Amino acid sequence: MKPVPSWPSLPPGGVPIVQPRRRAPSQIALWGLMGVIGMLFSLMLVAYVMRMSQGDWRPLPPVNALWVNTGVLAAACIVMQSSASQARHGELRRSRRDWALAGVLAIAFVAGQLWVWRDLTVRQLGVAGNPANSFFFLLTGLHALHLLGGLAAWACLLPHRLAHAMRARRLSLTAQYWHFLFVLWVVLFAAVVNLTPEIAQRLCGTGGVSP
């Protein structure tokens, strides 16, 4: 006669204890990294607004190519998310296809940023032109540098020997990081396009104060 399996005894009160689900260390590390990067760019934006409130700020002319670059980065994030989702459902071939396309789009975004920087330099709007130019190159360059880090994580998924579960996990983490960088870029882009010295002076409480 087979022994009847015994159930774990209930704690006092008869309510079973549910163990909390632990987050993977890689997920926690990613959150920490994004938190640090977010704080860094927040401080940079505060400095950007404070410097803009000074009287010698000459805004850059409209850079229409940034709209195209924003669309390219959005497409890269969407395709990367599709790759991660397909990997979770076992669609490995489609996942690899979207993974490759996402990388191409991200590289195209970086190339587009390089073109913008070169175009501004040719138009005598280089990094040393005035404080507005310097901050533009600093903010967009720092963002591109972090995106290159995202491309490095993307490239680590190239080996075909990765186990399916490991690949799906890394794809998910990479997609999260790319989404974070896209949101960060939207904030930077909105600041560059919409902020004016008048708005900065109101935010800093320096309106009407002569330089």
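Cys77 is buried in this predicted model, with a relative accessible area of 4%, whereas Cys156 is partly exposed, at a relative accessible area of 46%. A disulfide is a covalent bond between the sulfur atoms of two cysteines, and a search of the whole structure for such pairs finds 0 of them. The value for Cys77 falls under the 20% that marks a buried residue, while the value for Cys156 lies between that limit and the 50% above which a residue would count as exposed.

Turning to the chain as a whole, one finds 6 helices and 0 strands, so that the pattern read along the sequence is α-α-α-α-α-α. Of the 211 residues, 38% count as buried, and the accessible surface of the chain comes to about 12,900 Å², with 68% of that surface belonging to carbon and sulfur atoms. When contacts between residues at least 6 apart in sequence are considered, 78% of them join residues that are at least 24 apart.

The packing of the helices can be followed pair by pair. Helix α1, which covers residues 25-52, packs with α4 at an angle of about 170 degrees, the two axes being 11 Å apart. Because an angle over 145 degrees counts as roughly antiparallel, α1 is described as roughly antiparallel to α4. On the α1 side the contact is made by Ile37, Leu40, Phe41, Met44, Leu45, Ala47, Tyr48 and Arg51, and on the α4 side by Pro131, Phe135, Leu138, Leu139, Leu142, His143 and His146.

One of these α4 residues, His143, repays a closer look. His143 sits in helix α4, which spans residues 131-155, and its relative accessible area is 0%, so His143 is classed as buried. Which residues surround it, once its neighbours within four places in sequence are left aside? His143 is then in contact with Phe41, Leu73, Phe109, Leu181, Leu184, Trp185 and Leu188. Among these partners, Phe41 also belongs to the α1 side of the contact between α1 and α4.

A second pair consists of helix α2, residues 65-88, and helix α5, residues 164-194, which pack at an angle of about 160 degrees with their axes 9 Å apart. That angle makes α2 roughly antiparallel to α5, and the crossing in which α2 passes α5 is left-handed. The residue ranges of these two helices also place several contacts of His143, since Leu73 lies within the range of α2, and Leu181, Leu184, Trp185 and Leu188 lie within the range of α5.

How values were computed: Residues numbered from 1 in each chain as written. Predicted model: local features only at pLDDT ≥ 70, side-chain atom pairs only at ≥ 80, totals over all residues. Heavy atoms only, no water. Disulfide = S-S within 2.5 Å. Buried < 20%, exposed > 50% of the residue type's maximum accessible area, 1.4 Å probe, protein only. Helix = DSSP H or I, 4+ residues; strand = E, 2+ residues; numbered from the N terminus. Contact = heavy atoms within 4.5 Å. Areas by Shrake-Rupley, 256 points an atom, 1.4 Å probe, with all protein chains shown as cover. Axes fitted to C-alpha atoms, helices over the stretch in contact; angles between N-to-C directions. Parallel < 35°, antiparallel > 145°, perpendicular 65-115°, else oblique. Left-handed = near helix turned anticlockwise from the far one by under 90°.
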